[in-house]
Amino acid sequence: MLLNNKIYKTYYNWWKNINKTVLILIIVLFGLGLFFSLVSTSLIASDKLNTNSYYFFIKHLLFIIIGSFFIIFFSSIKNTDLVKFSKILFFIFLFLLFLVPFFGVEVKGSRRWMDLPFLPRFQPIELLKPFLIVMFASVLSYENGKNIYYKYLLSFFILTPVLLLLIVQPDFGQTLLTFLTWLSLIFVSGINLFIFFIFFILLLFFLVSAVFIFPNKFGYIIVRLKSFFDPTSGNNYQSEKASEAIINGGFFGKGIGEGTLKNRVPEAHTDYIVSVISEEFGVLFIIILMIILLFFTYHIFKKLYLENDHKVKLILVGAVSLILLQSVIHIGVNIRLFPTTGMTLPFISYGGSSIISTSILSGIILNLTKRKIDIK
């Protein structure tokens with residue numbers, strides 16, 4: 001009886017203090033992702049897998065249910081415990097990322113996934129990203145009177161092994177996303193702009209050099225860049241079909257189930273979900289989706305103006321930056337603004353690792369936007 005009262009009191013306080021607007025927006029975004037999973041994957045499952053037409057939808061729903069537990073867990077624990085727990089999980093998933101080149105599963109020339117007896121196939125980098133942000137924020141909020149640039153150097157040392165492990169896979173999209181998220185945190189942490197641009201130029205030079213020094217490993221990036229700048233090269237079938245789908249959908253779309261992109265492009269329900277949505281529901285719905293994401297960002301930034309703890313601010317900025325940068329890259333690829341990267345759209349795209357990663361980020365955001373903040 002006493003235990004039940006304690007649990008009730010814990011979750012009553014959770015509900016009382018939680019930012020309900022942010023919570024509702026998270027539920028709406030995940031709900032839209034589940035709906036689009038249903039309309040974009042039912043024919044794929046029935047035609048190609050010769051199985052239940054709701055196969056992907058059921059898996060998507062299952063991942064969202066699992067993700068809901070992560071949202072509740074990470075949003076309900078104490079803020080001090082959140083940081084400690086995140087640091088432990090960071091090292092666990094960094095270790096798993098280190099094992100990927102040796103024991104990972106290779107798919108289409110890239111070794112990015114792990115298969116464990118107690119876990120289905122997953123991408124360690126997706127689960128690492130939320131905790132990497134907490135690590136960056138913890139280091140960048142560290143006060144050291146002797147050398148103010150010590151924290152920037154330390155954050156760089158944390159970033160470097162992650163980038164190297166991603167390059168080895170290879171996964172240039174996640175490498176770029178991780179790098180840009182780190183840069184955004186460095187920028188808002190108050191670094192001297194000259195030092196900031198030196199960091200940016202050096203790391204950009206390093207990434208570009210890696211592409212040309214190891215052509216066997218990163219040849220696919222050069223191919224994608226060539227196809228991006230030269231549409232006649234014949235290596236941009238997916239991008240062409242995605243662009244055609246957006247154009248054919250027009251402003252109001254062709255109607256539910258009338259789109260063809262989902263059956264013509266592999267992994268359309270993950271990498272090209274924006275094009276699938278645009279073809280069937282129109283560009284208008286993509287604009288609405290972007291407005292919801294911006295409204296979500298606005299409510300988180302409102303919290304930043306009221307927050308005095310530097311660590312909390314950096315974690316929230318990092319979480320929002322990761323979601324926005326990933327969304328911009330995904331949408332940019334779909335409209336041929338960027339070369340193909342294989343990036344999912346947070347909240348919306350199908351994919352277990354992506355859904356769980358976004359759920360953890362959502363839990364962290366909800367935790368730090370509650371009315372009472374006690375992080376140390």
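Let us start on the outside: Phe-251, Phe-252, Leu-284, Ile-287, Ile-288 and Ile-291 form a nonpolar patch on the surface, and together they offer about 560 Å² of accessible area. One member of this patch, Phe-252, sits in the loop that runs between helix H10 (237-249) and helix H11 (261-264). With a relative accessibility of 62%, Phe-252 counts as exposed, because the cut-off for that class is over 50%. Please keep in mind while reading that this is a predicted model.

**The chain as a whole**

The protein chain contains 16 helices and 3 strands. Of its 376 residues, 51% count as buried. The chain exposes about 18,200 Å², and carbon and sulfur atoms supply 70% of that area. Among contacts in the chain with a separation of 6 or more, 71% are accounted for by residues 24 or more positions apart.

**Helix H6**

A good helix to look at next is H6, which covers residues 150-168. Its 19 residues, at 1.5 Å a residue, should span 27 Å, and the end C-alpha atoms are 28 Å apart, so the expected and modelled lengths agree. Buried residues of H6 include Lys-151, Tyr-152 and Ser-155. Further along H6, Ile-158, Leu-159, Val-162, Leu-163, Leu-165, Leu-166 and Ile-167 are also buried.

**Salt bridges**

The count of salt bridges comes to 2. Here they are, side by side:

| Salt bridge | N to O distance |
|---|---|
| Arg-112 and Asp-171 | 3.8 Å |
| Glu-126 and Lys-129 | 3.1 Å |

In the bridge between Arg-112 and Asp-171, the closest N and O atoms are 3.8 Å apart. This pair links distant parts of the chain, with Arg-112 in strand E2 (residues 110-116) and Asp-171 in the loop between H6 and helix H7 (172-188), 59 residues apart. Both Arg-112 and Asp-171 are buried.

The side chains of Glu-126 and Lys-129 meet within a single helix, H5 (residues 124-140). Because they are 3 residues apart in H5, Glu-126 and Lys-129 are separated by about one helical turn. In general, an α-helix has 3.6 residues a turn, so residues three or four places apart point the same way. Are these two residues buried or exposed? Glu-126 is buried, with a relative accessible area of 4%, and Lys-129 counts as buried at 3% relative accessibility.

**Aromatic pairs**

The count of aromatic pairs comes to 18. One of them joins Phe-30 and Phe-347 edge-to-face, at 5.0 Å centre to centre and with 70 degrees between the planes. Phe-30 lies in helix H2 (residues 20-48), whereas Phe-347 belongs to the loop between helix H15 (310-334) and helix H16 (352-368), so the pair ties together parts that are 317 residues apart in sequence. Both Phe-30 and Phe-347 are buried.

Elsewhere, ring pairs link Phe-70, Phe-73, Phe-74, Phe-85, Phe-93 and Phe-131 into a cluster.

**Around H15 and H16**

What is Thr-358 in contact with, leaving aside its neighbours within four places in sequence? The answer returns us to the aromatic pair: Thr-358 is in contact with Phe-30 and Phe-347, and also with Pro-346. Thr-358 is found in helix H16. Its relative accessibility is 6%, under the 20% cut-off, so Thr-358 counts as buried.

The loop between H15 and H16 also holds Thr-341. Thr-341 is buried, with a relative accessible area of 15%. Its C-alpha atom is separated by 8.2 Å from that of Asp-271, a residue 70 residues apart from Thr-341 along the chain.

Leu-325, for its part, lies in helix H15. At 24% relative accessibility, Leu-325 counts as partly exposed, because this value falls between the 20% and 50% cut-offs. Leaving aside neighbours within four places in sequence, Leu-325 is in contact with Leu-177, Leu-180 and Thr-181. The C-alpha atoms of Leu-325 and Leu-345 are separated by 10.0 Å, and these two residues are 20 residues apart along the chain.

Definitions and conventions: Residues are numbered from 1 along each chain as its sequence is written. This is a predicted model: local features need pLDDT of at least 70, side-chain atom pairs count only at pLDDT 80 or more; totals for chains, interfaces and linings use all residues. Side-chain values use heavy atoms; hydrogens and water are left out. Helices (H or I, at least four residues) and strands (E, at least two) are DSSP runs, numbered from the N terminus. The expected span of a helix is 1.5 Å times one less than its number of residues. Buried means under 20% relative accessible area, exposed over 50%, partly exposed in between (1.4 Å probe, protein chains only). Patches are made of residues with over 30% relative accessible area and no salt bridge: like charges are joined within 9 Å, nonpolar side chains (Val, Leu, Ile, Met, Phe, Trp, Tyr) within 5 Å. Accessible areas come from the Shrake-Rupley method with a 1.4 Å probe; for residues, only the protein chains shown count as cover. A salt bridge is a side-chain nitrogen of Lys or Arg within 4 Å of a carboxyl oxygen of Asp or Glu. Rings of Phe, Tyr and Trp (its six-membered ring) pair if their centres lie within 6.5 Å; planes under 30 degrees apart count as stacked, over 60 as edge-to-face and the rest as tilted. Contact means heavy atoms within 4.5 Å.
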